[in-house]
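Let's take a look at how a protein and an RNA strand sit together, and then at a hollow in the protein. Have the structure open while you read.

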Amino acid sequence: MLSQEAPHLLEKREVKARREGLPELKNAKKGEVVLRFAPNPNGPLSFGHARGLVINSSYREMYDGEFILRFDDTDTKVKPPMLEAYELIQEETEWLTGRKPDRVIYASDRIDVYYEHAMVMLNQGFGYVCRCTADEFKEFRISKTNCPCRTQPISDNMVFWKRMLEGKFKPGEAVVRVKTDMELKNPALRDWPALRLQDTKVHPHPRPEIASTYVVWPLLDFQSAIEDHLQGVTHIIRGKDLMDSTRKQTLLYQHFGWTYPETMYWGRVKVHEWGGFSTSQMRSDIEGGTYDGWSDPRLPTLAGLRKRGTQARALRNFWMELGITQKDISVPLATLYSHNTKVIDDDAPRLAFVRHAAEFTLEGEHPKKLDIPVHPNHPEMGQRTWDLSDGQIWLESDDLEKMDLRLKEFADVALHDRVARVESMERSDQRPIVHWLPDKTSTEAVVIGTKNDTVFHIEGRLEHHAYTPGTIVQLERVGYAIFTDETTLFLCHESLKDD
RNA sequence: GCUCGUAUAGUGUAGUGGCCCAUCAUGAAGGACUCUCAUUCCUUCGACCCGGGUUCAAAUCCCGGUACGAGCACCA
């Protein structure tokens with residue numbers, strides 16, 4: 001009845017529902033969306049890169065589109081690529097997004113294509129070879145005046161271009177610029193540089209097949225713009241630090257008569273506990289020995305996160321929850337850990353680890369063996385069996401302040417010298433429940449964790465197990481941990497409380 | 001300095017003129033369950049940057065201010 005008399009009331013109710021997942025893409029048709037993520041392979045992927053991967057690849061799934069992984073490796077000096085990173089990044093991309101990219105592109109394979117477009121630009125007069133120094137041009141940019149090179153004839157541009165390719169200029173002596181307008185309000189857009197020279201004898205490209213082949217290299221704004229068009233990219237989602245890039249590139253697209261893709265931006269993300277890390281800073285810290293490689297768990301790299309047991313799904317949930325707002329934000333690690341806990345808890349077998357273990361002898365009547373569940377919420381995961389035949393057990397030294405304890409799943413005991421006297425098998429009072437281990441079912445082990453950029457080791461007794469490296473377990477009353485080897489574990493979540 | 005952008009609970013986030021004395025998550029506090037300080041569940045706490053304007057009606061539109069961030073690299 002309502003639907004007949006006042007259908008608008010029903011419609012409104014739908015609108016109120018909280019939006020789930022990512023917002024719709026503008027001008028997007030299912031099956032016709034092409035997205036890309038374009039890191040510089042100057043190191044393995046970091047936590048921040050994960051956002052680009054997660055958001056872009058999620059839209060691929062949402063629209064049944066295509067996802068391109070592109071290596072923007074066009075700088076051999078300031079941010080030189082790292083050869084191993086090409087493989088690592090592809091592997092990490094697959095791990096994080098759950099599948100391979102539809103296409104993988106190396107910008108350094110496509111230099112000739114960029115040259116062709118540079119020549120079109122020069123021939124059609126919307127680009128020119130500028131021989132001013134960077135400082136000289138800066139003055140022109142500030143004073144909104146044309147540089148003398150701007151009006152030179154196309155024939156001159158072609159000559160200078162040829163000389164650039166032949167290596168007749170040194171880096172800094174010539175650059176190809178896109179003609180925009182020196183009066184543009186935004187100084188960043190005025191006749192921006194598109195290609196420059198690099199001394200690839202001194203700074204060869206790390207890929208052996210490229211090495212010193214080229215001296216003229218495109219800059220990001222040019223290379224990325226051309227490649228996006230060539231690959232048919234329909235939607236670009238990237239950081240808002242690249243907003244002026246969009247504007248520069250749109251100007252270039254107008255010259256070529258192309259239409260620029262739809263663009264969305266996200267703001268800066270800082271993780272409260274990490275502060276600022278840059279790939280180059282990490283690189284030098286690793287080389288200097290501060291960190292133990294790119295997968296050091298203190299580092300905000302995907303490799304480091306992975307090593308401490310962070311699940312791809314947790315990372316995906318984390319970034320999906322932040323969405324793509326342009327706000328600059330600072331998130332606590334607790335948020336990521338909370339996602340990770342949700343992902344791992346159901347599958348994490350329980351295991352006992354007694355920190356700083358102290359040995360006691362059981363006194364009194366008690367069973368010689370004990371069966372306890374592997375996971376309290378999942379009986380189907382089976383039982384673990386403890387051997388108490390020699391009566392020797394281990395307790396956490398921090399638990400020894402109280403003299404009366406309940407040994408979890410076992411018995412009430414009273415401590416006294418190195419003896420634990422069994423008072424009752426049933427729970428008889430409210431004494432604290434502690435975890436413990438029989439000597440015969442445990443071995444020496446070490447748990448490693450991090451705290452404020454330092455690494456700590458905890459020695460103790462670990463319950464016997466048959467888990468392989470990489471298995472995530474929950475150490476009862478301690479926390480989630482991932483096996484490094486049979487007797488070494490790493491705590492998944494850094495303890496965030498001060499103690 | 002010029003240019004661009006953003007401002008909702010402690011932290012994130014939904015909300016695109018009336019359904020909003022504002023959503024969801026996280027966090028904190030309390031409780032239930034549990035022979036873990038885990039998981040799960042319940043309760044509570046807590047926000048529309050400031051000032052004008054438009055409108056019958058503004059978190060939502062406009063202007064100004066403030067704060068924060070980014071670009072103005074022959075880096076990506």
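Which element gives the most to the surface near RNA strand B? That's α13, which supplies four residues. Keep in mind as you look around that this is a predicted model.

## Around the RNA

RNA strand B has 58 residues surrounding it, and the closest are K79, R141, G172, R406 and Y480. Sorted by class, the surface near the strand has 26 charged, 19 nonpolar and 13 polar residues.

Which parts of the strand lie within 4 Å of the protein? Of the RNA atoms within that distance, 74% belong to sugar or phosphate, and the rest to bases.

## Three contacts to find

Start with K342: one of its polar side-chain atoms lies 2.6 Å from a phosphate oxygen of RNA strand B. Two arginines point you to the bases instead. R350 has a polar side-chain atom 2.7 Å from a base oxygen, and R406 has one 2.2 Å from a base nitrogen. Elements giving two or more residues to this surface include α13 (333-344) and β18 (404-407).

## The second largest pocket

Now for the hollow. The second largest pocket holds about 430 Å³ of space. It is lined by 20 residues, and R355, F456, I458, L491 and S495 are the closest to its centre. β23 (442-451), β24 (454-463) and β26 (479-485) each give two or more residues to the lining, with β23 providing the largest share, three residues.

What classes of residue make up that lining? It's a mix: seven charged, seven polar and six nonpolar.

Terms used. Residues are numbered from 1 along each chain as its sequence is written. Chains are lettered from A and ligands numbered from 1 in the order in which they are written. This is a predicted model: local features need pLDDT of at least 70, side-chain atom pairs count only at pLDDT 80 or more; totals for chains, interfaces and linings use all residues. Side-chain values use heavy atoms; hydrogens and water are left out. On a 1 Å grid over the protein atoms alone, a cavity is a set of points where a 1.4 Å probe fits but cannot get out, and a pocket is an open set with protein on both sides within 12 Å along at least five of seven lines; lining residues have an atom within 4 Å of a point. Grid points are joined across faces, edges and corners, and a volume is the space filled by probe spheres set on the points. Ala, Val, Leu, Ile, Met, Phe, Trp, Tyr, Cys and Pro count as nonpolar, Asp, Glu, Lys and Arg as charged, and the others, Gly among them, as polar. A residue is near a molecule or strand if one of its heavy atoms lies within 4 Å of it. A polar contact is a pair of N or O atoms within 3.5 Å; within protein, one must be able to donate a hydrogen and the other to accept it, and residues adjacent in sequence count only if both atoms are side-chain atoms.
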